[in-house]
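The following exercises are to be worked through with the sequence and the coordinates at hand. Each task is followed by a solution in steps.

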Amino acid sequence: MTRGDIPLSHDPSARYLPWLLGIMCYFAVLASVGAVISHQLAARWDFALGSVVTVQIPAAVTEGSDAPRLSQAERMMRQLPGILRLVRVDTSRSAELLAPWLGAELAADLPLPRLFDLHFAAPPEVDLEQFESRLGELFPGAMVEAHTQWMSHVAKLTRAVEALGLTVLALVMGASVVAVIFAVRTSVSIHREVISILHLIGARDGYIASEFQAHVLKMALRGGLVGGFLAVATLAGVAAALEPEAVDSANLIPTLLGGLPAGIVEWVLIASAPMLVAFVAWIAARLSVLGALRKMNP
Amino acid sequence: MIQFDKVELRYPGSPAILSDVNFAVEESSFQFITGASGAGKSSLLKLMYLGLKPSRGRLSLFGQNAATIGREGIPALRRRIGIVFQDFRLIPHLSALDNVALPLRIAGARESAIREYVPELLEWVGLSGHFDALPHTLSGGQQQRVAIARAVIGRPQLLLADEPTGNVDDGVAVRLLYLFEELHKMGTTVLIATHNRALVERFDHPCLNVDGGRVTRVRGPGSRRSAPRPVGSAAGAAASSQQRRGG
C-alpha cells in the first residue's frame, strides 16, 4: 500500500514523531558509543595491564655492589614462561617521575629501587608469589606486582559505564515504543471513518496496519538518520575539543572516531542504532495498530 | 446464497428494527427491496454485509452461518460483495480514480490492470473528465456514480445497493439500473434497496417490501417483462479484469 489510502501524513504525529525519534536516536547512538568505548577500554586495559608485571628490587647499598645477583635475577625473569620482553626502567627516569613531588635534588639523591617491566604475550600464568619469594632469596624485600587489584577496580568502573550505556539504550527504545504507540493510537482514532470504509471494502487488518507501519518506518528513519548524524557530529566535536595528548593518552575518542582501532563489528553496531530505533518503532506500530483494530468492528 | 431464517435485529434496550425475517436470495437473482425511509432497508442490507449481526435467528451467507464467521473470515467474505452506500462513503482525500481502484488494490490487483479498467468504468458512468477529482469537488450524483463504480469494479458475486439512484436524475438512474442488470446477466446477484417505486415498476424483478420491521414479498419473479437495452462494455471490462486476475 504505497498510495496512502489513509492520510497519515497530515496527522499531528507526522510533525512531532520524526523529531522525537530523532532525539531518541541521538541518545541511542551516544549510549551505544559509551557502551562500546567502555567495553573496548575494559578489554584493552585488561590486556595491556594484565599482561605486564612490574618487579621492584631494592636499591644497592653502593652502586654495582650487587651486580652478579642482579644479573641472576634478570636471568630468572627472562626464563619465565610466556615472557616477550624485559624492560629495565632507568633510575633517572624514576627520579624524574618523583621530582614534581619531592623536588629534583632530593629525588636524585634518594636510593631508588630498580624497576623492571616484564611484558607477557597474555596475562601470565606463572605463580607470581612463588617467583617473588625466589627473588626474595636474592634480594630481600623484592616485590612483584601484577596490577590485577588495580585492574579489577578499573574493570568494575568500565563495566558500570557499559551497563549504564546499555540501560540508557534500553530506556530510549522503551520511550520510542511508548511514543509510537501513543501516536499510532491517536491516528487510528482520527482515521476511524476511513478505516471503517476499508474494512467494508474487504481490507484485512494487516493491510491497514501495513500503511501505519510504512508511515512510522519512514518517520523513524528520517528522524533516526538526522539524530544519528548529529550524534556522530557531537562525538567528532568532542574529539576535536580534546587536546591531542589527552586524547591519545585517554585513548577514548580516537578509538571510535579514528575508526581503525575499533572493530568493524562495533562500528556496525553504532551505525545500526538508528536502524534499531526504526525497526523497534515499526514493530511497535504494527502491534499497536492491530491491537487498536481488534477493538473496532470490522 | 443468502438465507434469513426467523432473523431479528434489535439494539439493546430498543424495540426490534427487524423481526421474524424469513426469505432467501437465490444465486444470480435480481431483487428490489422497497419500503419507506426508516423502514429498515439499510439495516437489512447491513446484515447482509455483516455490518450488523442478527440478535436472534439464523442468517446464512454464501453457505456460512453469519454467527460463526469470525473477524478473520469477514474480509474474504466482503470481497465477494460490492456495496453502494446511501451516503457513498468515499474516502475524501483520494481521487475518484483511486476510490474506484480501492477494491482492486485491496485484492492485490496489478497497477497495469487498474490503470486499464478503472478509467474505462469511470468513463462509462459519465465521469471521464473527473478521474483526479476529489469527492468534495463532485456533485452528489457524481459521488454516487463513483460509489457505484467502486462497488462493481471487482465484479462481486453479490451487489448490495442502498438507494443507489437517490441523487441522480431519472435518465441516469435508469442507466445505472441497466449497469446493474448487465452485472446480473454475468452472474452477479443484485439487491437494490430503494424507495423509488417508479423505478421498481420499470423493471421486472422480484421485490421485497420492508414495513414495520417485517419483510414481505410483494412481487415474484417474472411478473412483468422488462426490456433492457445494451449498456456498453464497462461492466464487461470489469468482469474480464476479474477473470484475468483469476478472481
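## Exercise 1: A histidine in chain A

Task: Determine which residues A:His215 touches, leaving aside residues up to four places away in sequence.

Solution. Step 1: With that exclusion, A:His215 touches A:Leu8, A:Ser9 and A:Ala14, where contact means heavy atoms within 4.5 Å.

Step 2: The C-alpha atoms of A:His215 and A:Leu8 are 7.1 Å from each other, although 207 residues separate the two along the chain.

Step 3: A:His215 belongs to helix H8 of chain A; helices (H or I, at least four residues) and strands (E, at least two) are DSSP runs, numbered from the N terminus.

Step 4: The relative accessible area of A:His215 is 12%, so the residue is buried. The classes are buried under 20% relative accessible area, exposed over 50% and partly exposed in between (1.4 Å probe, protein chains only).

Conventions: this is a predicted model, in which local features need pLDDT of at least 70 and side-chain atom pairs count only at pLDDT 80 or more, while totals for chains, interfaces and linings use all residues. Residues are numbered from 1 along each chain as its sequence is written, chains are lettered from A and ligands numbered from 1 in the order in which they are written, and side-chain values use heavy atoms, with hydrogens and water left out.

## Exercise 2: Chain A as a whole

Task: State how many helices and strands chain A has, and what share of its residues is buried.

Solution. Step 1: Chain A holds 11 helices and four strands.

Step 2: Of its 298 residues, 42% are buried.

Step 3: Among the contacts in chain A with a separation of 6 or more, 84% are between residues 24 or more positions apart.

Step 4: The exposed area of chain A is about 16100 Å², with 65% supplied by carbon and sulfur atoms; accessible areas come from the Shrake-Rupley method with a 1.4 Å probe, and for residues only the protein chains shown count as cover.

## Exercise 3: The interface of chains A and B

Task: Describe the area buried between chain A and chain B and the salt bridges between them.

Solution. Step 1: The contact involves 23 residues of chain A and 23 residues of chain B.

Step 2: About 2000 Å² is buried between the two chains, and carbon and sulfur atoms give 58% of this. Buried area is the accessible area (1.4 Å probe) that two parts lose on being put together, summed over both.

Step 3: Two salt bridges are counted between chain A and chain B, a salt bridge being a side-chain nitrogen of Lys or Arg within 4 Å of a carboxyl oxygen of Asp or Glu. In one of them, A:Asp205 pairs with B:Arg71 at 2.9 Å, N to O.

Step 4: H7, H8 and helix H11 (264-294) of chain A each give two or more residues to the side of chain A that touches chain B. H7(A) gives the largest share, eight residues.

Step 5: A:Asp205 lies in helix H8 of chain A and counts as buried because its relative accessibility is 17%. Beyond residues up to four places away in sequence, A:Asp205 touches A:His199, A:Leu290, A:Leu293 and B:Arg71.

## Exercise 4: A buried helix in chain B

Task: Explain why helix H3 (residues 96-106) of chain B is described as largely enclosed by the rest of the structure.

Solution. Step 1: 11 of the 11 residues of H3(B) are buried, so the helix is largely enclosed by the rest of the structure.

Step 2: The cover includes helix H7 (192-201) and helix H8 (205-241) of chain A, together with helix H4 (111-124) and helix H5 (140-152) of chain B.

Step 3: Within this helix, B:Asp98 forms a salt bridge with B:Arg105, with the closest N and O atoms 3.2 Å apart. B:Asp98 and B:Arg105 each have a relative accessible area of 12% and are buried.

Step 4: B:Arg105 also forms a salt bridge with B:Glu111, at 2.7 Å between the closest N and O atoms. B:Glu111 is partly exposed, with a relative accessible area of 30%. Shared partners thus join B:Asp98, B:Arg105 and B:Glu111 into one network of salt bridges.

Step 5: After H3(B) comes B:Gly108, with a positive phi near 85°.
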